[in-house]
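Take a look at the model below. The text walks through it one region at a time.

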Amino acid sequence: MVLIKRKFRKKLRKNAKWIAVAGLVLVGAGLAYNMSKPDETKHEINWTTPTEVITLDASKVTDTYSSIAIGNSGSNLLRVDKKGNLKPDLAKKVGVSSDGLTYTATLRNNLKWSDGSDLTAQDIVYSWQRIVDPKTASEYAYLTQDAHLLNADEVIAGKKPLSDLGVKAQGNKIIFTLSKPAPQFKNLLSFANFVPQKKAFVDKTGDNYGTASKYSLYSGPYKVEAWNGTSSTYKLVKNKYYWDAKHVKTKTITVQTIKKPDTAVQMYKQGDVDYATISSTQAMYNANKDNKDVIKVPEATTSYIVYNETGKVAGLTNKNIRQALNLATNRPGIVKAAVDTGSKAATALVPSGMEKLPNGQDLTDYVAPGYTYDPKKAAQLFKSGLAEIGKNSLKLTITADSDNPVGKAAVDYIKETWESALPGLT
């Protein structure tokens, strides 16, 4: 839940399309309960994040909180509005061919970068080429493959040149060519990793590109200032060269990292910040849930564990052991132990309530793999797995965010229940 003053809620709604909070898919859809108490006489917002910005390089960013900075200081061809619909941003229109293989984006006239230089169709093309360039080693290059962008597989593998990628500039138009229809492709035209980048600027800054606010160029409603690459605070300052600057009402957003949620709540109550999440612990939630400023904000968030299957960790390459760990995972128990503040146990990677199929079925139910909690069967599979790898015991390490109370409580619960259900596991 969130505590937000009524006047401020209106202000946020006015600026909703310019305060784009990008979200990573993390198991269990949650409710964020937050608070906000701004100075209504100033065109400023004091925001908080639980972790620092890691990079301003759009081709390399993978985390939520760097994406907040990039998503607000960089614009894409389209932007998601407050209702979740795609709307024109740098592009005044995007057309799709009848066979779904060609997308044509037409840029607005007189677009500018934050330094006043011209923003062109070639800047869009370069950004797409840079993310698939093997030299960039972008973790999100696969998005172009999933969307069937022509020759993306071969370019990423280094078998074809960047110029063969299915994106071309033609005057003020950008032509995207797919090898197969991909309904999700249009959404990439609003994604932070594909905001335009200026090749001349990237080449000039070299290895420094995106490592500090002064080594970045901005195409969006804001510029990032006062971030030196390691600082825990930065500012989003209105970009006067943004094409729709007249509708950007909030001139400055100060963003500071506050790793401890209870500290953020105290700072909110003291008037030092305009936003704080109260759903991080049950105690915090119960202490603040009746505050008149509280509003519910559903989060499209899922927490998940990834097994290290590189072969470096004994046991995790064994299918029976992995299945045992899955069956020994009590998802409702994790929610109750770690984040019993409105969150739901995950049934799939897609959070519940995020999207519905045409027949009204929740997407999470449609894609659910059928998770079950069966400690008895888990113990049997674990014993079989140990025999297959020639061991009678196994030691594993879980790495998680210990600064986050939810993460720490979840891992503590998983450790206790896994060790209880699976004899021989530490």
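Start with Asp81, in the loop that runs between strand 4 (78-80) and strand 5 (86-88). Keep in mind that this model is predicted. Is Asp81 buried or exposed? Asp81 is buried, and it has no salt bridge. The nearest side chain of opposite charge belongs to Lys87, 4.4 Å away. A salt bridge needs the charged atoms within 4 Å, so that distance does not qualify. Asp81 does have a polar partner. A polar atom of its side chain sits 2.8 Å from the backbone nitrogen of Asn85.

Lys87 also turns up around Leu77. Beyond its neighbours within four places in sequence, Leu77 is in contact with Lys87, Pro88, Asp89, Leu90 and Ala91, among others. The list also includes Ala105, Leu107, Ile124, Ile174, Phe176 and Leu189.

Now turn to the largest nonpolar core. It holds 38 residues. Which of them touch the most other members? They are Leu77, Trp128, Ile174, Phe176 and Phe185. Several elements each supply at least two residues of this core. Among them are three strands: strand 6 (91-96), strand 7 (102-107) and strand 9 (173-177). Helices contribute too, including helix 3 (121-132), helix 5 (152-156), helix 6 (185-188) and helix 7 (199-205). The largest share comes from helix 3, with seven residues. Another core lies apart from this one. It has 24 residues, including Ala324, Ala338, Trp418 and Leu422.

Ala338 leads us to helix 11. This helix spans residues 331-338, and its buried residues are Arg331, Gly333, Ile334, Val335 and Ala338. What do they pack against? Their partners are helix 10 (319-327) and helix 14 (405-421). Look at the start of helix 11 as well. There, a side-chain oxygen of Asn330 comes to within 3.0 Å of the backbone nitrogen of Gly333.

Finally, find Trp243. It sits in the loop between strand 11 (233-238) and strand 12 (252-257). Why does Trp243 count as partly exposed? Its relative accessible area is 30%, and partly exposed covers values between the 20% limit for buried and the 50% limit for exposed. Trp243 and Leu111 are 132 residues apart along the chain, yet their C-alpha atoms are separated by 6.2 Å. Leaving out neighbours within four places in sequence, Trp243 is in contact with Leu111, Arg108, Pro88, Asp89 and Leu90. Pro88, Asp89 and Leu90 are also contacts of Leu77. One more link is local: the side chains of Trp243 and Tyr242 share a polar contact of 3.3 Å.

How values were computed
Residues numbered from 1 in each chain as written. Predicted model: local features only at pLDDT ≥ 70, side-chain atom pairs only at ≥ 80, totals over all residues. Heavy atoms only, no water. Core = buried A, V, L, I, M, F, W, Y, C linked by side-chain atoms within 4.5 Å. Buried < 20%, exposed > 50% of the residue type's maximum accessible area, 1.4 Å probe, protein only. Helix = DSSP H or I, 4+ residues; strand = E, 2+ residues; numbered from the N terminus. Contact = heavy atoms within 4.5 Å. Lys, Arg positive; Asp, Glu negative; His and termini not counted. Polar contact = N/O pair within 3.5 Å; in protein donor to acceptor, adjacent residues only side chain to side chain.
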